[in-house]
Amino acid sequence: WLADRVQRALGEAFGDEFASADPMLTPATKLEFGDYQCNAALKLAKPLGMKPRDVATKLMETVDLADVCQQPEIAGPGFINFRLQKNFVQDQLSVMLADGETCGVPKASEPLTTVVDYSSPNIAKEMHVGHLRSTIIGDTLSRLLELRGHPVVRLNHVGDWGTQFGMLITHMREQAPEALGSAEDDTQSPAELSDLVAFYKAAKARFDSEPEFAEASRKEVVALQGGDASSLSAWRMLCSTSEVQLPHTSAHRTSAKLSVLLH
């Protein structure tokens, strides 16, 4: 709203040509400059054929902020500093306190459904701080959107397909077939999630250095995508093992402590 007022003043002071000009209003860089500063005068000086301070003076004389700000001040070559009135700040805080649910934040006039994808953990890999960071960002965005009244769909797309499974299944069949379980019981592997991470690292190293293994891994991906029973059984086992053990990782437990929820 403060930027809107400054922008309207630009049009009133310099004509319709500048009615949509960027007011360049930002939080003040230093406390002594007040609460906000307007840098538009420096940018508009050249197209207006005026000195920056003259532009700032005319803008300051035109903008109407008497109900919210103290008298604006011009600093340096043409910066305009704004300091909010204490009474105005107190009134705004009172409004926020009176509305404990939304702190006075108005609801959106046209709610839009938004999909927010969280950390997207990968099957057969442990979660790490990168997953925690993107989860917090996703949850923050979701809460802000919901505060404005926008319906939010929270998703955590799991990386459970592709070349990584071709590599992992091929390697485990050769090096530790017992860890893949059996076709009769593909609910969970006897291996721990940390074991699967170690298998994946070894498989990736072989994929990058052994052409024959890389080709076998690609064929395994094709078989998996084609619905091969043995490949699907191994894939289901890897997925179920990760689903069971991921909630016990430190990153997942930290998310729970932060009340990050997918719902």
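# A walk through the fold, with a stop at helix H2

The protein has 10 helices and six strands, and what you're looking at is a predicted model. Of its 263 residues, 38% are buried. Take the contacts between residues with a separation of 6 or more: 64% of those join residues 24 or more positions apart. On the outside, the protein exposes about 15,300 Å², with carbon and sulfur atoms supplying 55% of that area.

Now zoom in on helix H2, which covers residues 40-48. Which of its residues are buried? Those are Ala-40, Ala-41, Leu-44 and Ala-45. Look down the helix axis and these buried residues fall within an arc of 135 degrees, so they line one face of H2. Swing round to the other side of the helix and you'll find Lys-43, Lys-46 and Pro-47, which are exposed.

What does the buried side of H2 pack against? Its buried residues meet helix H1 (2-14), strand E2 (36-38) and helix H3 (52-62).

Next, follow H2 along to Leu-48, which is still part of the helix. Leaving aside residues up to four places away in sequence, Leu-48 touches Phe-14, Phe-18 and Val-55. Phe-14 is worth picking out on screen: Phe-14 and Leu-48 are 34 residues apart along the chain, yet their C-alpha atoms are separated by 8.1 Å. Just after H2 comes Gly-49, and here the backbone takes a positive phi of about 70 degrees.

On to the cysteines. How many disulfides does the structure hold? The count is zero. Two cysteines make a handy pair to look at. Cys-38 has a relative accessibility of 1%, and because the cut-off for buried is under 20%, Cys-38 counts as buried. Cys-103, on the other hand, comes in at 38% relative accessibility, so it counts as partly exposed.

Last stop: the surface around helix H4, residues 86-98, where you'll find Leu-93. Together with Val-89 and Met-96, Leu-93 makes a nonpolar surface patch of about 230 Å². Is Leu-93 itself exposed or only partly exposed? Its relative accessibility is 46%, so Leu-93 counts as partly exposed; the exposed class starts over 50%.

Note on methods
Residues are numbered from 1 along each chain as its sequence is written. This is a predicted model: local features need pLDDT of at least 70, side-chain atom pairs count only at pLDDT 80 or more; totals for chains, interfaces and linings use all residues. Side-chain values use heavy atoms; hydrogens and water are left out. Patches are made of residues with over 30% relative accessible area and no salt bridge: like charges are joined within 9 Å, nonpolar side chains (Val, Leu, Ile, Met, Phe, Trp, Tyr) within 5 Å. Accessible areas come from the Shrake-Rupley method with a 1.4 Å probe; for residues, only the protein chains shown count as cover. A salt bridge is a side-chain nitrogen of Lys or Arg within 4 Å of a carboxyl oxygen of Asp or Glu. Helices (H or I, at least four residues) and strands (E, at least two) are DSSP runs, numbered from the N terminus. Buried means under 20% relative accessible area, exposed over 50%, partly exposed in between (1.4 Å probe, protein chains only). Contact means heavy atoms within 4.5 Å. The arc is that of the directions from the helix axis to the C-beta atoms. A disulfide is a pair of cysteine sulfur atoms within 2.5 Å.
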